[in-house]
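Please open the model in a viewer and keep a selection tool at hand. The stops below proceed from the sheet to the helices and then to the pocket.

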Amino acid sequence: MGDKPIWEQIGSSFIQHYYQLFDNDRTQLGTIYIDASCLTWEGQQFQGKAAIVEKLSSLPFQKIQHSITAQDHQPTPDSCIISMVVGQLKADEDPIMGFHQMFLLKNINDAWVCTNDMFRLALHNFG
């Protein structure tokens, strides 16, 4: 079978790094975004590194743990990588919830950064 394609290696490494930062110190997530980055979090739009880090740092839980069920990565025609993640998260004492997250990664100055990030809880009981 051979090694995984480079975009899968980069995507997988990014995903591991992202959730390690998110679960341990969300304030450090600014290192992976740029000022042009966009975040859609449960339908709310945020643009720019500062706004994104402010949103993620202010989420109303003390501790969180993500468990990744599946991840898929694809190269884009403009040399970016799109990554889709499916998993579960446990925040504080809340029940375990499913989530979906998608990232668009771009290589800028020899570093992979997240230009686009979309997150949704996998909730299907909209009352």
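Two strands are said to pair if DSSP finds at least two bridges between them. Helices (H or I, at least four residues) and strands (E, at least two) are DSSP runs, numbered from the N terminus. This is a predicted model, in which local features need pLDDT of at least 70 and side-chain atom pairs count only at pLDDT 80 or more, while totals for chains, interfaces and linings use all residues. Residues are numbered from 1 along each chain as its sequence is written, and side-chain values use heavy atoms, with hydrogens and water left out.

**The hairpin of β5 and β6**

Select β5 (residues 97-108) together with β6 (111-121). These strands are antiparallel and share 10 bridges. Within this pairing, K106 faces V113 of β6, and L105 has C114 of β6 as its bridge partner. Side chains in a regular strand alternate between the two faces of the sheet. Next, select N109: the hairpin has 2 residues between its strands, and N109 has a positive phi near 55°.

**The hairpin of β4 and β5**

Add β4 (81-91) to the selection. β4 pairs with β5 in the antiparallel sense through 9 bridges, and M84 is found opposite M102 in β5. The turn of this hairpin holds 5 residues between the strands, among them D92, whose phi is positive at about 45°.

**The whole sheet**

Now display every strand. In which order do the strands lie in the sheet? The sheet is open, with 6 strands in the order β2-β1-β6-β5-β4-β3 and mixed pairing. β2 (44-47) and β3 are the edge strands; each has a single partner strand, so one side of each lacks a neighbour in the sheet. From one strand to the next the twist averages 20° (axes are lines fitted to C-alpha atoms, for helices over the stretch in contact, and angles run from 0 to 180 degrees between N-to-C directions).

Move to β1 (residues 33-41), which forms 4 bridges with β2 in the antiparallel sense. At this border W41 stands opposite Q44 of β2. On its other pairing, β1 runs parallel to β6, joined by 5 bridges; here Y33 lies opposite C114 of β6.

**The helices**

Select α2 (residues 49-57), a helix packed on the sheet that touches β1 and β2 (contact means heavy atoms within 4.5 Å); the direction of α2 makes about 45° with that of β1.

**The largest pocket**

Finally, select W41, L59, F61, F119 and L121, which lie nearest the centre of the largest pocket among its 13 lining residues. A pocket is an open set of points on a 1 Å grid over the protein atoms alone, where a 1.4 Å probe fits, with protein on both sides within 12 Å along at least five of seven lines; lining residues have an atom within 4 Å of a point. β3 (64-75), β4 and β6 are the elements that each give two or more residues to this lining.
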